[in-house]
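Biologist: I'd like a close look at a single part of this model, a loop residue with an odd backbone angle. Could you start there and work outwards through whatever surrounds it?

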Amino acid sequence: WLMQTTLIIYKPDCIEQKHVGNVLERFEKAGFKIVGCKMVRLTQALVKEHYAHIVSQPYYPPLETFMLSSPVIVMALYGKGAIGKIRELMGPTDSRKAAPGTIRGDFGTNSMANVVHASDSVESAKVELARFFKPEELFN
């Protein structure tokens, strides 16, 4: 496994339901190291940029409203095979289809209120990390 850094976004439902500590504990117990972390209030432009691949979908407007509904925590996690392993820990996008024991299976509600976002590839991780962190804000 290659050492990788990936972006995590703790979504509004995660913060409002006070699951950040539980979710972070799972990432840390799986061996991942925090190399960047901050709370931010997303802007409409940033949400549109981040979700550019689905802006034309009918489910995008409610997703945008949801992502703007409260501040979020963005985090960079580093470790062996981080991108794939973290996505396995999270479970599928639709929390209703996620197995118990996965983050979304245990804490999520549906495909929008699904607790966390994580980069899905090395390429997207590079782009997403640069979108949310300046180089000097990452410490690996």
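Modeller: Sure, and keep in mind that this is a predicted model. The residue to start from is Val-115, which sits in the loop between α6 and β4. Its phi is positive, near 75°, and Val-115 is not a glycine. As background, most residues other than glycine have a negative phi. Is Val-115 buried or exposed? With a relative accessible area of 1%, Val-115 is buried, given that the cut-off for that label is under 20%.

Now step to the helix on one side of that loop. Phe-107 belongs to helix α6, and Val-115 is one of the residues Phe-107 is in contact with once neighbours within four places in sequence are set aside. The others on that list are Gln-17, His-19, Asn-22, Val-23 and Arg-26. Phe-107 itself counts as buried, at 13% relative accessibility. For a sense of distance, take Pro-62, which is 45 residues from Phe-107 along the chain: their C-alpha atoms are separated by 20 Å.

Val-23, one of those contacts of Phe-107, leads us into α2. Which residues of α2 are buried? They are Val-23, Leu-24 and Phe-27. Looking down the axis of α2, these buried residues fall within an arc of 95°, so they line one face of the helix. The general rule behind that kind of pattern is that an α-helix has 3.6 residues a turn, so residues three or four places apart point the same way. Turned away from the buried side of α2 is a face with the exposed residues Gly-21 and Lys-29. After α2 comes Gly-31, with a positive phi near 100°.

There is another odd phi ahead of α2. Lys-18 is in the loop between α1 and α2, and its phi is near 60°, again positive in a residue other than glycine. Lys-18 counts as exposed, at 69% relative accessibility, whereas Val-115 is buried.

Back to the other side of our starting loop, where β4 (116-118) begins. β4 is among the elements that the buried residues of α5 pack against, and so are α6 and α2, along with β1, β3 and α7. In α5, which runs over residues 82-90, the buried residues are Ala-82, Ile-83, Ile-86 and Met-90. They too line one face, because they fall within an arc of 95° seen down the axis of α5. Just after α5, Gly-91 has a positive phi of about 90°.

β4 also takes us to the largest pocket, which holds about 440 Å³ of space. Of the 20 residues lining this pocket, Tyr-51, His-53, Ile-54, Thr-93 and His-117 are the closest to its centre. Two elements, β4 and α7 (122-132), give two or more residues to the lining, and β4 has the largest share, at three residues. How is the lining made up? It divides into seven nonpolar, eight polar and five charged residues.

From the pocket, α7 brings us to the nonpolar interior. The largest nonpolar core has 19 residues, and Met-67 and Phe-132 have the most contacts inside it. α7 gives two or more residues to this core, as do β1, α3, α4 and β3; the top contributor is α4, with four. Setting aside its neighbours within four places in sequence, Phe-132 is in contact with Leu-7, Ile-9, Lys-38, Leu-42, Leu-46, His-50, Val-74 and Glu-137. A second core, separate from that one, has 18 residues, including Leu-24, Phe-32, Met-75 and Leu-77. Leu-24 is one of the buried residues of α2 that we met above.

Phe-32 gives us one last stop, since it is among the residues that Gly-79 touches. Gly-79 lies in strand β3 and is buried, with a relative accessible area of 4%. Besides Phe-32, Gly-79 touches Leu-2, Met-3 and Gln-4, not counting residues up to four places away in sequence. Val-40 is 39 residues from Gly-79 along the chain, and 24 Å separates their C-alpha atoms.

Conventions
Residues are numbered from 1 along each chain as its sequence is written. This is a predicted model: local features need pLDDT of at least 70, side-chain atom pairs count only at pLDDT 80 or more; totals for chains, interfaces and linings use all residues. Side-chain values use heavy atoms; hydrogens and water are left out. On a 1 Å grid over the protein atoms alone, a cavity is a set of points where a 1.4 Å probe fits but cannot get out, and a pocket is an open set with protein on both sides within 12 Å along at least five of seven lines; lining residues have an atom within 4 Å of a point. Grid points are joined across faces, edges and corners, and a volume is the space filled by probe spheres set on the points. Ala, Val, Leu, Ile, Met, Phe, Trp, Tyr, Cys and Pro count as nonpolar, Asp, Glu, Lys and Arg as charged, and the others, Gly among them, as polar. Buried means under 20% relative accessible area, exposed over 50%, partly exposed in between (1.4 Å probe, protein chains only). The arc is that of the directions from the helix axis to the C-beta atoms. Contact means heavy atoms within 4.5 Å. A nonpolar core is a set of buried Ala, Val, Leu, Ile, Met, Phe, Trp, Tyr and Cys residues joined through side-chain atoms within 4.5 Å.
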